[in-house]
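The following explanation is intended to be read alongside the sequence and the coordinates. It turns to the nonpolar interior, then to the cysteines, and finally to the confidence of the prediction.

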Amino acid sequence: MWMPPGQNQSWVSEFILLGFSNDPTFNRLLFVAFLLLYLSSVLGNGLVITLICMDTHLHTPMYFFLCVLSLLDVGYVTTTMPQMLVHLLAHSQTISFAGCWLQMYVFCALGLTECTFFVVMAYDRYVAICYPLHYTVILTWGLCTRLAAGTWACGFFLSLIHTFLTMRLPYCGPNVVNHYFCEGPSVRSLACVDTHLTEKVDLVISVFMVVAPLSLVLASYIHIAQAILRIKSMEGRCKAFSTCASHLTGVTFFYAPATYIYMRPNSSYSHEQDKQISLFYNAFTALLNPMVYSLRNKDIKGAFLKVMGQGRLAC
């Protein structure tokens, strides 16, 4: 559908999201699989948030940051999955221009926030391992709140720049986006003009929000590894390493696909492959994070058993 602003040119008023398949039967199977994936992600992260809020023993900087990460994951997956589920069953797969604008902005904002938030979590582990006696003195609740708020503000501000530069481009047709949501590079490829400048700005944002945070995370873990190697007992080393292993796993799951998507030239884009990779770091990462951070965590398990025990007593 087009909106004619003038005699010689027309502007796209909506986009069509191709999704994964045109086969109705296969789409119904995808709907069931993705619905289970979405519900598992929301329930898993929601459980982590609930346990941390309810158990006072978990009111520490590390679990505060884990709670914020779970909140980010819930928002991240909710930005794209519900609409994709609707499109899998609906005859129409359209999204309005304004809806596409909003989805791109929120998705990018939460993604950029999570990129920088992993640095905050790495700093938490750095202080806990390298300066254990000063942990609560350094990471006060005021500092934790400012660090969390700063990552959100940075993510939402830079996302506004990315979204504004992408959506202000003229889109005069075609309006078919080969993706399951309004992802920046996929939408930008439909623009009627040269997008070189917008791509350069996006590259700068990607370097600032992906490469720089990843470098800081790696630098933190180099210092953490050095501190762990100075621990004399093997038991102490294993305990210190186990507190960092879950965070490193989460960082790998998130940064690896995100770097592949956003840190390569447009000439190497493969729409089908990009959809699968985007699904991994959008949906599967949100599902895996509660498992990675909670399965080996005795405090989370203890809080869960305590809640279950209270529930049985109440019955």
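**Core, cysteines and confidence**

The largest nonpolar core comprises 62 residues, and F34, I52, M81, F117 and F118 are those with the most contacts inside it. The greatest contribution to this core comes from helix α4, residues 97-130, which supplies 13 residues. A second core, separate from this one, has 14 residues, including I95, M167, L169 and A191. The model under discussion is a predicted one, and its confidence is considered at the end.

M81 can serve as an example of the packing. Leaving aside residues up to four places away in sequence, M81 touches F34, L37, Y38, L279 and A283. F34 is also listed among the residues with the most contacts inside the largest core.

The cysteines come next. How many disulfides does a search of the whole structure find? The search returns 2. Counting bonded cysteines along the chain, the disulfides follow the pattern 1-3, 2-4. In general terms, a disulfide is a covalent bond joining the sulfur atoms of two cysteines.

One disulfide is formed by C100 and C182, whose sulfur atoms are 2.1 Å apart. C100 belongs to helix α4, whereas C182 is in the loop between β5 (176-177) and α7 (184-188), so this pair ties together parts that lie 82 residues apart in sequence. The torsion about the S-S bond of C100 and C182 is about -125°, and the disulfide is therefore left-handed. Both cysteines, C100 and C182, are buried.

The other disulfide joins C172 and C192, with the sulfur atoms 1.9 Å apart. C172 is placed in the loop between α6 (141-167) and β5, and C192 in the loop between α7 and α8 (196-229), so the pair ties together parts that are 20 residues apart in sequence. C172 has a relative accessible area of 24% and is partly exposed. C192 also counts as partly exposed, because its relative accessibility is 32%.

Two further cysteines show why a neighbouring sulfur atom does not in itself make a bond. For C67, the closest cysteine sulfur is that of C53, at 4.4 Å, which is too far for a bond. C67 is buried, with a relative accessible area of 15%. For C115, the closest cysteine sulfur is in C108, and the distance of 9.0 Å is again too far for a bond. C115 is likewise buried, its relative accessible area being 4%.

The loop between α6 and β5 also contains N175. Is N175 buried or exposed? Its relative accessibility is 5%, so N175 counts as buried. A polar atom of the N175 side chain lies 3.0 Å from the backbone oxygen of E14.

The confidence of the prediction remains to be considered. The mean pLDDT of the protein is 85, and 91% of its residues reach 70 or more. Among the elements, α6 has the highest mean pLDDT, at 94, and strand β1 (residues 2-3) the lowest, at 42. Over residues 1-10 pLDDT stays under 50, and the model has 21 contacts beyond four places in sequence for these residues. Where pLDDT is low, the predicted coordinates should not be read in detail.

Terms used. Residues are numbered from 1 along each chain as its sequence is written. This is a predicted model: local features need pLDDT of at least 70, side-chain atom pairs count only at pLDDT 80 or more; totals for chains, interfaces and linings use all residues. Side-chain values use heavy atoms; hydrogens and water are left out. A nonpolar core is a set of buried Ala, Val, Leu, Ile, Met, Phe, Trp, Tyr and Cys residues joined through side-chain atoms within 4.5 Å. Buried means under 20% relative accessible area, exposed over 50%, partly exposed in between (1.4 Å probe, protein chains only). Helices (H or I, at least four residues) and strands (E, at least two) are DSSP runs, numbered from the N terminus. Contact means heavy atoms within 4.5 Å. A disulfide is a pair of cysteine sulfur atoms within 2.5 Å. pLDDT is the predictor's confidence in each residue, from 0 to 100. A polar contact is a pair of N or O atoms within 3.5 Å; within protein, one must be able to donate a hydrogen and the other to accept it, and residues adjacent in sequence count only if both atoms are side-chain atoms.
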